[in-house]
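Please read this short briefing alongside the sequence and the model. It takes the strands as one topic and a helix as another.

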Amino acid sequence: MEFARFLFYASIVLSISVYLFPTMANALGINYGQIADNLPSPEDVVPIVKSIGATRVKLYDADPTVLKAFANTGVEFIVGLGNEYLDKMRDPGKAQAWVKQNVQSHLPATKITCIFVGNEVLTFNDTSLSDNLLPAMQSVHAALVSLGLDKQVTVKTTHSLAILETSYPPSAGAFRRDLVDCLSDTLSFHQKTGSPFLINAYPFFAYKGNPKQVPLEFVLFQPNQGIIDPATNLHYDNMLYAQIDAVYNALATLGYKKLPVHISETGWPSKGDEDEFGATPDNAKKYNGNLIKLMSKKTGTPMRPNSDLNIYVFALFNENLKPGPTSERNYGLFKPDGTPAYSLGISSTNNIVGSNNTTTAGGNIGKPPTPTPPSSPTSSSTGYLSISSATQERSQFVANVLIITLSLIKMLL
């Protein structure tokens, strides 16, 4: 298939989706990784991003070709400052130079709203990184202040769920004791600057590590009896919400009850190694499709029902050069040639669970599942450790249109 042909059909779909997906577009973010040698040009990526209704993109660097390609599109960007920059960013002069070159030069044409400084730094157990994290964040924020950009661009960092020592039940969520001091200083920065707490959460890892005890329905947002938190009596019918609320409880324990939590990465691989249980196209379709549908409802978690879910799906493309297990190269919604990695069918409203924290979904699970955190700080962001700047009616209606949209692309190809 010629890629130009795909873009022609995608443009048709885009003209439909822009009109029909306003509710979903407000919620959907996508991670745009580029650890591959066969991806389409950034200009060709623009219609792909818009065809799925995404209005927010997270980059792992500040690639100027991407930022220029998305100029005047209205798409909001989070740009990344890789871990290898942390020591340099302690220097206020270098931080300001980086912000001028990689952020200010693209404004206002490209809507850059956030810089995330460092990726999952605290779970590497590397003091050379963790000691530089907060000073680097402070220098970048100071640069934004000096340039008059701090009101439109925030500074954050991303964390692996492995920063938690306890995650079940959600009301017992607590940070690792060895990280509390470092986290407390970072949380104080977030509170002062008004920036949210970013977490990378992957129910896939919990299922992969314990497929016999973690019900697949519970991690894929499908009907199941769920669990009841004995301390709060809150009902959970999906693992992602339980993980998010465990983070909220951990924050509240340290005195940061009002700090918002955003999910900077979550997704499901469509292919994996023999020991990567659950990594299939069907499960990826169910996880991401149900998640996107759930996001369109604009409901919060049981512990924070009125808080918006700010979620970035991982990832836009399969990336063939990522190291690690096979799953790492197969998180994409799309293949590098622009075709869908799988049909992103979205279940009907009646099949979506987790949208109401007081209603128990049906199911025949004999024993409530026990969500378990990843056994190690691994996440699908493995491979992004060193990054350079070079590199009921309406919801149902939206769901049906998305099914038709992506099915149309597949048929036309």
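**Strands and a helix in a predicted model**

Strand S1 (residues 28-32) and strand S2 (residues 56-59) run parallel and are joined by four bridges. Helices (H or I, at least four residues) and strands (E, at least two) are DSSP runs, numbered from the N terminus. This is a predicted model, in which local features need pLDDT of at least 70 and side-chain atom pairs count only at pLDDT 80 or more, while totals for chains, interfaces and linings use all residues. Residues are numbered from 1 along each chain as its sequence is written, and side-chain values use heavy atoms, with hydrogens and water left out.

**The barrel**

- Ile30 stands opposite Val57 in S2.
- Eight strands form a closed barrel in the order S1-S2-S3-S4-S5-S8-S11-S12, with parallel pairing (two strands pair if DSSP finds at least two bridges between them).
- On average, neighbouring strands of this sheet are turned by 25° against each other, direction ignored.

**Helix H6**

- The 20 residues of H6 (residues 127-146) should span 28 Å at 1.5 Å a residue (1.5 Å times one less than the number of residues), and the end C-alpha atoms are 29 Å apart, which agrees.
- H6 bends by about 35° at Leu133, and Pro135 follows within four residues; the bend is the angle between axes fitted to the seven residues ending there and the seven starting there.
- The buried residues of H6 (under 20% relative accessible area, 1.4 Å probe, protein chains only) include Leu129, Leu133, Met137 and Val140.
- Those buried residues pack against several elements, among them strand S3 (76-81) and helix H7 (180-193) (contact means heavy atoms within 4.5 Å).
- Gly148, just after H6, takes a positive phi of about 70°.

Note on methods: Buried < 20%, exposed > 50% of the residue type's maximum accessible area, 1.4 Å probe, protein only. Axes fitted to C-alpha atoms, helices over the stretch in contact; angles between N-to-C directions.
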